Amino acid sequence: MAAATPAGAPKGEVAIMTVAMPADANPMGDIFGGWLLSQMDIAGGVAASARAKGRTATIGIKEMEFHKPVKVGDRLTCYAEVTRIGRTSLTIAIEAWTTNHYRQTAPTKVTEGVFTYVALDEDGKPRPVPDN
């Protein structure tokens, strides 16, 4: 698990970084919430698979809160922090932050959520998460 961070700073480790493109937006230039949710799920999957040392699958999203819109051209960085490890599952807190070098914006938390993943074996059946 990541060390504590100061207020206003991202929690967790960088899991993915991407740029929001025009194809991901509505006609007003706001990025679709579904696109943002999928990026967060990818980030959580990266963190879960690394910690579980293998294949994982999303089994739930407990909390999801959209704070601010994401615009075309924003650089999206998703931070992931393992908050709970069960026998076969992991809970990951994910924060999505944006910056935009064209508009000179400071890093802003735009979305956060709590995702749960299950570790899977070669046959797609739940398997124990290693002790590490």
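Thr99 touches Asp74, Arg75, Thr105, Ala106 and Pro107, leaving aside neighbours within four places in sequence. This is a predicted model. The protein has one helix and five strands. From the N terminus on, the order of elements is β-α-β-β-β-β.

**Thr99 and its surroundings**

- Thr99 belongs to strand β4, which covers residues 89-99.
- Thr99 counts as buried because its relative accessibility is 15%, under the 20% cut-off.
- Thr77 lies 22 residues from Thr99 in sequence. In space, the two C-alpha atoms are 8.4 Å apart.

**Overall form**

- The radius of gyration is 15 Å. A compact globule of 132 residues would come near 14 Å, so the value for this protein agrees with that rule.
- Along the principal axes, the C-alpha atoms fill a box of roughly 45 × 35 × 20 Å.
- Of the 132 residues, 40% are buried.
- The protein exposes about 7400 Å². Carbon and sulfur atoms supply 56% of that area.
- Consider the contacts between residues at least 6 apart in sequence: 70% of them join residues at least 24 apart.

**Nonpolar core**

- The largest nonpolar core holds 26 residues.
- Leu36, Met40, Leu76, Cys78, Ile92, Ile94 and Ala96 have the most contacts inside this core.
- Elements β1, α1, β3, β4 and β5 each give two or more residues to the core.
- Helix α1 provides the largest share, with seven residues.
- In soluble globular proteins, nonpolar side chains tend to be buried together.

**Contacts of Met40**

- Met40 is one of the residues with the most contacts inside the core.
- Beyond its neighbours within four places in sequence, Met40 is in contact with Met64, Cys78, Ile94, Ala96, Thr111, Glu112, Gly113, Phe115 and Tyr117.
- Cys78, Ile94 and Ala96 are among these partners of Met40, and they too are listed with the most contacts inside the core.
- Glu112, another contact of Met40, also takes part in a salt bridge with Lys109.

**Aromatic pair**

- A search of the whole structure finds one aromatic pair.
- The pair is Phe115 and Tyr117, with ring centres 6.5 Å apart. Their planes stand at 10 degrees, so the pair is stacked.
- Phe115 is buried because its relative accessibility is 0%.
- Tyr117 is also buried, with a relative accessible area of 1%.
- Both rings belong to residues that Met40 contacts.

**Salt bridges**

- The count comes to three salt bridges.
- Asp30 and Lys71 form a salt bridge through their side chains, at 2.5 Å from N to O.
- Asp30 sits in the loop between β1 (13-19) and α1 (33-52), while Lys71 sits in the loop between β2 (56-66) and β3 (75-85). The pair therefore ties together parts that are 41 residues apart in sequence.
- Asp30 is partly exposed at 23% relative accessibility. Lys71 is partly exposed as well, at 30%.
- Glu95 and Lys109 form a salt bridge at 3.7 Å, N to O.
- Glu95 is in strand β4 and Lys109 is in strand β5 (residues 108-119), so this pair ties together parts that are 14 residues apart in sequence.
- Glu95 is buried, with a relative accessible area of 7%, whereas Lys109 is partly exposed at 24%.
- Glu112 forms a salt bridge with Lys109, the closest N and O atoms being 3.5 Å apart.
- Glu112 counts as partly exposed because its relative accessibility is 25%.

**Salt-bridge network**

- Glu95, Lys109 and Glu112 are linked in a network of salt bridges.
- Lys109 bonds to both acids in this network: Glu95 at 3.7 Å and Glu112 at 3.5 Å.
- Within the network, Glu95 is buried, while Lys109 and Glu112 are partly exposed.

Definitions and conventions. Residues numbered from 1 in each chain as written. Predicted model: local features only at pLDDT ≥ 70, side-chain atom pairs only at ≥ 80, totals over all residues. Heavy atoms only, no water. Phe/Tyr/Trp six-rings, centres within 6.5 Å; stacked < 30°, edge-to-face > 60°. Buried < 20%, exposed > 50% of the residue type's maximum accessible area, 1.4 Å probe, protein only. Helix = DSSP H or I, 4+ residues; strand = E, 2+ residues; numbered from the N terminus. Contact = heavy atoms within 4.5 Å. Salt bridge = Lys/Arg side-chain N within 4 Å of Asp/Glu carboxyl O. Rg over C-alpha atoms; globule rule 2.2 N^0.38 Å. Areas by Shrake-Rupley, 256 points an atom, 1.4 Å probe, with all protein chains shown as cover. Core = buried A, V, L, I, M, F, W, Y, C linked by side-chain atoms within 4.5 Å.
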